[in-house]
Amino acid sequence: MQKYECPCGYVYDPAEGDPDSGIEEGTAFADLPDDWVCPKCQAEKEHFYQI
């Protein structure tokens with residue numbers, strides 16, 4: 001699965017998920033809830049880019 005990076009430098013890695021936000025390991029970026037935001041800077045999903 002692809003990783004996505006926020007302009008602030010946070011990288012969403014599907015293998016790790018985002019446990020602090022209740023996102024389980026193995027959750028693809030496309031499957032994140034629409035209201036999920038960057039845990040570091042609160043940017044919305046639309047600001048992330050695939051790396």
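A nonpolar core is a set of buried Ala, Val, Leu, Ile, Met, Phe, Trp, Tyr and Cys residues joined through side-chain atoms within 4.5 Å. I start from that term; the model I am reading is a predicted one.

**Entry 1, core.** I looked up the largest nonpolar core and found eleven residues in it. They are Y4, C6, Y10, Y12, I23, F29, L32, W36, C38, A43 and F48. I note beside this that in soluble globular proteins nonpolar side chains tend to be buried together.

**Entry 2, sheet.** I checked the strands next. Three of them form an open sheet in the order β2-β1-β3, and the pairing is antiparallel. The edge strands are β2 (11–12) and β3 (49–50), each paired on one side only. β1 covers residues 4–5 and is joined to β2 by two bridges. Which residue of β2 is the bridge partner of Y4? I find Y12 there. Y4 and Y12 are both on the core list as well.

**Entry 3, Y10.** I listed the contacts of Y10, leaving out neighbours within four places in sequence. The list holds Y4, E5, G17, D18, W36, C38, P39, K40 and F48. Y10 is itself a member of the core.

**Entry 4, D18.** I followed Y10 to D18, which lies in the loop between β2 and β3. Is D18 buried or exposed? I read a relative accessibility of 5%, so D18 counts as buried. With neighbours up to four places away set aside, D18 contacts Y10, Y12, I23, W36 and P39. The side chains of D18 and W36 also make a polar contact of 3.0 Å. I took the C-alpha distance from D18 to C38 too: 9.5 Å, for residues 20 apart in sequence.

**Entry 5, salt bridge.** I counted salt bridges and got one. It is between the side chains of D13 and K3, at 3.8 Å from N to O. D13 is in the loop between β2 and β3 and K3 in the segment before β1, so the pair ties together parts ten residues apart in sequence. I read D13 as buried, at 14% relative accessible area, and K3 as partly exposed, at 38%.

**Entry 6, K45.** I went on to K45, also in the loop between β2 and β3. How far from K45 is the nearest side chain of opposite charge? I find D34 at 4.4 Å; K45 is buried and has no salt bridge. A salt bridge requires the nitrogen to be within 4 Å of a carboxyl oxygen. The side chain of K45 does reach the backbone oxygen of L32, at 3.0 Å. Beyond four places in sequence, K45 touches F29, A30, L32, P33, D34 and W36.

Definitions and conventions:
Residues are numbered from 1 along each chain as its sequence is written. This is a predicted model: local features need pLDDT of at least 70, side-chain atom pairs count only at pLDDT 80 or more; totals for chains, interfaces and linings use all residues. Side-chain values use heavy atoms; hydrogens and water are left out. Two strands pair if DSSP finds at least two bridges between them. Buried means under 20% relative accessible area, exposed over 50%, partly exposed in between (1.4 Å probe, protein chains only). Contact means heavy atoms within 4.5 Å. Lys and Arg count as positive and Asp and Glu as negative; His and the chain ends are not counted. A polar contact is a pair of N or O atoms within 3.5 Å; within protein, one must be able to donate a hydrogen and the other to accept it, and residues adjacent in sequence count only if both atoms are side-chain atoms.
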